[in-house]
Amino acid sequence: MSSDDLLPSREVRSLHGHKGPVHAVRYNQDGNYILTAGSDRTIRLWNPETGLSIKTYEGHGKDVFAVCVPPTGADNSRFASCSADRSVFIWDVGTGRPTRRFTGHHQRVNAVAFNAEATVVVSGSYDASVRCWDSRSNSRTPIQLLEDAKDSVEAVQVLDTEILTGSVDGCVRIYDIRMGEVITDKVGHAVTSATFTGDKNCVLVSSLDSTLRLFDKENGELLNDYKGHKNDEYRLISCLSNTDAHVISGSEDGNIYMWDLVEGNLLRTIKAHNRAVTCVAYHPKKAGMTSSSVDGTVKVWGGADT
């Protein structure tokens with residue numbers, strides 16, 4: 001059986017609990033739990049194996065657009081979220097209460113990410129800024145402010161001493177915090193999602209021209225593009241499989257699309273949701289994934305053997 005045959009394409013279960021669109025979904029480090037963020041102002045913790053809704057986190061005043069967990073090996077007892085209420089929260093998983101609130105952005109906050117040690121949380125906002133916060137402090141002043149973007153920042157990710165951002169101004173930027181440098185790559189279309197590949201050598205970018213692109217991280221060379229899905233209106237968060245072999249994205253037609261990373265060819269289309277698929281997250285250790293949608297549902301997907 002080829003690796004393509006093991007791609008998750010079988011619906012294992014559908015999770016219902018959010019009222020209204022679900023904007024994002026994230027696995028924890030070992031893949032045993034997922035967090036979902038919704039327009040109903042809540043974050044929900046689920047067991048994707050059983051479908052059990054474990055806890056609901058309430059505190060944001062408007063839509064919650066993104067959640068993130070500390071990277072592998074870091075603290076598993078907390079996570080961060082960001083919202084249209086212009087704030088970033090750090091939550092205690094067990095108590096269900098926020099332990100930190102950062103409120104320096106002037107507009108909605110679209111994206112949030114921890115650094116490797118989970119000592120810093122980075123947020124990207126509609127106000128076109130990226131702010132870095134000391135996660136151990138209650139200070140309202142960010143420890144760093146990045147203002148190179150000319151439009152809404154839709155994606156942030158931290159890798160070692162680098163911060164990756166994607167913006168509606170059509171640019172992907174990589175900041176080397178240690179060197180004090182920034183590299184800008186022009187995509188030419190509004191960027192909705194940007195992520196490093198697992199091997200850290202490339203960047204996968206989604207944009208509002210119904211195209212995903214793979215760039216070489218070092219020189220910005222376009223290595224491949226992926227087409228077939230529809231994405232010209234919504235922010236869709238794409239991902240790679242845990243082996244980096246496949247590119248996966250939701251679509252405004254309710255489908256999930258899967259491509260071969262190297263060849264660029266479309267391998268599979270899954271009829272997933274009734275409306276736009278806002279986010280797809282891949283299981284960190286096995287052939288499985290979770291998707292969220294404007295239709296209010298979250299779906300768990302497994303391979304043929306799971």
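This is a short chat about a predicted model.

Trainee: How many disulfides does the structure hold?
Mentor: Zero.

Trainee: Why no bond between cysteine 239 and cysteine 279?
Mentor: Their sulfurs are 7.4 Å apart, and that is too far for a bond. The cut-off for a disulfide is within 2.5 Å. For cysteine 239, the closest cysteine sulfur is the one in cysteine 279. Likewise, for cysteine 279 the closest is in cysteine 239.

Trainee: Is cysteine 239 buried or exposed?
Mentor: Buried, at 10% relative accessible area. Cysteine 279 is buried too, with 1% relative accessibility.

Trainee: Switching to sheets. In what order do strands 10, 11, 12 and 13 come?
Mentor: The order is 10-11-12-13, in an open sheet with antiparallel pairing.

Trainee: Which strands stand at the edges?
Mentor: Strand 10 (109-114) and strand 13 (144-146). Each has a single partner strand, so one side of each has no neighbour in the sheet.

Trainee: And the angle between neighbouring strands there?
Mentor: On average they are turned by 20 degrees against each other, direction ignored.

Trainee: How many bridges join strand 10 to strand 11?
Mentor: Five, and the two strands run antiparallel. Strand 11 covers residues 120-125.

Trainee: What stands opposite valine 109?
Mentor: Serine 125, in strand 11.

Trainee: Now the surface. Which residues make the nonpolar patch of about 270 Å²?
Mentor: Tyr33, Leu52 and Ile54.

Trainee: Where is leucine 52 placed?
Mentor: In strand 5, which spans residues 52-58.

Technical notes:
Residues numbered from 1 in each chain as written. Predicted model: local features only at pLDDT ≥ 70, side-chain atom pairs only at ≥ 80, totals over all residues. Heavy atoms only, no water. Buried < 20%, exposed > 50% of the residue type's maximum accessible area, 1.4 Å probe, protein only. Patch = residues over 30% accessible without salt bridge, like charges linked within 9 Å, V, L, I, M, F, W, Y side chains within 5 Å. Areas by Shrake-Rupley, 256 points an atom, 1.4 Å probe, with all protein chains shown as cover. Salt bridge = Lys/Arg side-chain N within 4 Å of Asp/Glu carboxyl O. Helix = DSSP H or I, 4+ residues; strand = E, 2+ residues; numbered from the N terminus. Pairing = 2+ DSSP bridges. Axes fitted to C-alpha atoms, helices over the stretch in contact; angles between N-to-C directions.
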